[in-house]
Amino acid sequence: MPSPPRAARARTAVVVCALSGALAACGGGEQRATPSSSGSPAATTAGRAAPTPAPSAAPTLPAGPGGAAPVFSHGRREGAKRVALTFDADMTADQDRRAAGGERFDHPQLIATLRRLKVPATVFMTGKWAEQYPDQAKSIGGDALFEIASHSYSHHAFATPCYGLPAVAAGSARADVERSFAAFRKAGVEHVVPYFRFPGGCHDAAALRAIAPAGVTAVQWDVVSGDAFAKQAGPVVSQVLAQVKPGSVVVMHCTRSAAPVTEEAVRRIVPELRARGYELVRVSDLVAGG
Ligand SMILES: [Zn+2]
């Protein structure tokens, strides 16, 4: 559970989100408690509908209790020092209008920086983002540096309350997840991995059961970058470097309007992590490592 300062930051994020009209990037503040799924026996999928097809082979975790989707929050703490930077490409279903008005939910400069610095990364993309920026989605997914995972289709809440996000319609959690993968296919995205990040990280046991038929592993994080709505890169850099441990999953955003300092933060974080002996990897690399 978060320390008091982090809880305070989470409260601040909620306030900012409310002021910002429930802007999509309001994840990364805090995650809900969830039953551990580590060490759970694998559940059979026999008798269920076929899971969402994953275009590329990627390591997954065994199902959690009762066949619920497994949850991955960080990799091994021992052994090699590896860390995964993850970027949520947020876009909520009702933000087309804002995009049409000029608001940018993409961040090509961030992607260019990751490429220039040769930083492997996992992008958790909403289906709406792939529909709004199909060329960028295809380009990111076609780059061997990156892998694309689902951040839902609509960026609605899968468990409430969740930073003011509207809730996914009852009974449609699985369909929302599968619709995101369909949007990736339509955009011609390669390197799609069967991972799912809950909008806002908000989930409970029911949500994990609801998305299980989609065949995804839920991916949370253990390092909150605090990049959503940050005005300066310095505090983001300090926060990441102070929290990161071997196996860490860092949550950041690939949404320029909501996370304008992320690109600068990455430019400062990456060399420092490498100087400390960390190898930057994708989430699938951490999952594969146990
Ligand atoms: Zn998000």
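A residue is taken as buried if 20 or more other C-beta atoms lie within 10 Å of its own. The legends below apply this to a predicted model.

**View 1. The buried residues of helix H8 and what they pack against.** Within helix H8, which runs over residues 233-243, the buried residues are Val236, Val237, Gln239 and Val240. They cover an arc of only 165 degrees around the axis, which means that they sit on the same side of H8. An α-helix has 3.6 residues a turn, so residues three or four places apart point the same way. The partners against which the buried residues of H8 pack are two strands, E7 (223-224) and E8 (249-253), together with helix H9 (262-275).

**View 2. Helix H6, its span and its surroundings.** Helix H6 comprises the 15 residues 173-187, and because each residue should contribute 1.5 Å, a span of 21 Å is expected, with which the separation of 22 Å between its end C-alpha atoms agrees. The residues of H6 that are buried are Ala173, Arg174, Asp176, Val177, Glu178, Ser180, Phe181, Ala183, Phe184 and Ala187. Among the elements that cover these buried residues are the helices H4 (127-132), H5 (134-141) and H7 (205-211), as well as the strands E4 (146-150) and E5 (192-196).

**View 3. Glycine 188 after helix H6, shown with aspartate 135 of helix H5.** Glycine 188 follows H6 and has a positive phi, near 80 degrees. Although aspartate 135 and glycine 188 are 53 residues apart along the chain, their C-alpha atoms are separated by 8.8 Å. Aspartate 135, which is found in helix H5, is classed as exposed because it has 10 other C-beta atoms within 10 Å.

**View 4. Histidine 156 in the loop between E4 and H6.** Histidine 156 counts as buried because 23 C-beta neighbours lie inside 10 Å. When residues up to four places away in sequence are left aside, histidine 156 touches Leu165, Pro166, Ala167, Val168 and Pro199. The C-alpha atom of histidine 156 is separated by 8.8 Å from that of phenylalanine 198, a residue 42 positions away along the chain.

**View 5. The whole protein, as context for the close-ups.** The protein has 10 helices and nine strands, and 51% of its 290 residues are buried. Of the contacts in the protein with a separation of 6 or more, 81% are accounted for by residues that lie 24 or more positions apart.

How values were computed
Residues are numbered from 1 along each chain as its sequence is written. This is a predicted model: local features need pLDDT of at least 70, side-chain atom pairs count only at pLDDT 80 or more; totals for chains, interfaces and linings use all residues. A residue is buried if 20 or more other C-beta atoms lie within 10 Å of its own, exposed if 12 or fewer, and partly exposed in between; C-beta atoms are placed from the backbone. Helices (H or I, at least four residues) and strands (E, at least two) are DSSP runs, numbered from the N terminus. The arc is that of the directions from the helix axis to the C-beta atoms. Two residues are in contact if their C-beta atoms, placed from the backbone, lie within 7 Å. The expected span of a helix is 1.5 Å times one less than its number of residues.
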